[in-house]
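Reader: I should like to learn how to read a sheet in a protein model, and then how to read an internal cavity. May we begin with the strands?

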Amino acid sequence: MPQLKKILLVDDDDDLREALSEQLVMTEDFDVFEAATGQEALTKLKAGHFDLVILDVGLPDTDGRELARVMRADPRLKAVPIIMITSRTADKHRSHAMEIGVNVYLGKPYQEQQLLDHIARQLGQAVAEPV
C-alpha cells in the first residue's frame, strides 16, 4: 500500500475545513491535518513534513498570502506546493499570489474534482476520483 500524502488544510471556517478534510480522507490517498489560524499552521509546518498545503486567504490572525510568503522564505518549506482557495478571484489577487509562490489559486465555489485534479498535479500523482 502506498504511503499517504500529508496535507495541511488551513481555513478558519470550521465546517468547511472539516467537510473538505473528510472528502480528502475518503479518497484514501491523503492524511489530512487541520489548522484554523496562520500561527497554528506555521507551528505544524515547522514541526513536521507536509507534501502539500491548502490555504485560505482570510485567516483570523494573518492573510494567507503572508503565510505563503513566510513558507517561501523558509528553505525547508520553499518547495511545498500551496493551493490557495479563496473567494477573492480578481486578477490582481491571483497575480499577487502567484508572484509570492502560490502554485494554484482556486476560486470559490469550486468543484470537488477540480480540487482533486490540482492536488494530484501538484503531487505528481494520478488524478484521484471522488468517492
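Author: This is a predicted model. Strands of a sheet pair through backbone hydrogen bonds, either parallel or antiparallel. Here, strand β4, residues 82-86, pairs with β5 in the parallel sense, over 4 bridges. Within that pair, Ile83 stands opposite Val104 of β5.

Reader: In what order do the 5 strands of the open sheet lie?

Author: The order is β2-β1-β3-β4-β5, and the pairing is parallel. At the edges are β2 (30-35) and β5 (104-107), each of which pairs on one side only. From one strand to the next, the twist averages 20°.

Reader: Which strands does α1 touch where it packs on the sheet?

Author: Helix α1 touches β1, β2, β3 and β4, and its direction makes about 170° with that of β2.

Reader: How should one approach the question of cavities?

Author: Rolling a probe the size of a water molecule over the atoms shows where empty space is left. In this model, a search of the whole structure yields 1 cavity of 30 Å³ or more. The volume of the largest cavity is about 50 Å³.

Reader: Which elements give two or more residues to the lining of the largest cavity?

Author: They are β1 (5-10), α1 (14-26) and β3 (52-56). The lining residues include Leu9, Val10, Leu16, Leu20, Ile54 and Leu55, along with Ile85 and Tyr110.

Reader: How many residues of that lining are nonpolar, and how many are charged?

Author: The lining divides into 8 nonpolar and 3 charged residues, with no polar ones. Asp11, Arg17 and Asp56 are also among the lining residues.

Methods. Residues are numbered from 1 along each chain as its sequence is written. This is a predicted model: local features need pLDDT of at least 70, side-chain atom pairs count only at pLDDT 80 or more; totals for chains, interfaces and linings use all residues. Side-chain values use heavy atoms; hydrogens and water are left out. On a 1 Å grid over the protein atoms alone, a cavity is a set of points where a 1.4 Å probe fits but cannot get out, and a pocket is an open set with protein on both sides within 12 Å along at least five of seven lines; lining residues have an atom within 4 Å of a point. Grid points are joined across faces, edges and corners, and a volume is the space filled by probe spheres set on the points. Ala, Val, Leu, Ile, Met, Phe, Trp, Tyr, Cys and Pro count as nonpolar, Asp, Glu, Lys and Arg as charged, and the others, Gly among them, as polar. Two strands pair if DSSP finds at least two bridges between them. Axes are lines fitted to C-alpha atoms, for helices over the stretch in contact, and angles run from 0 to 180 degrees between N-to-C directions. Contact means heavy atoms within 4.5 Å.
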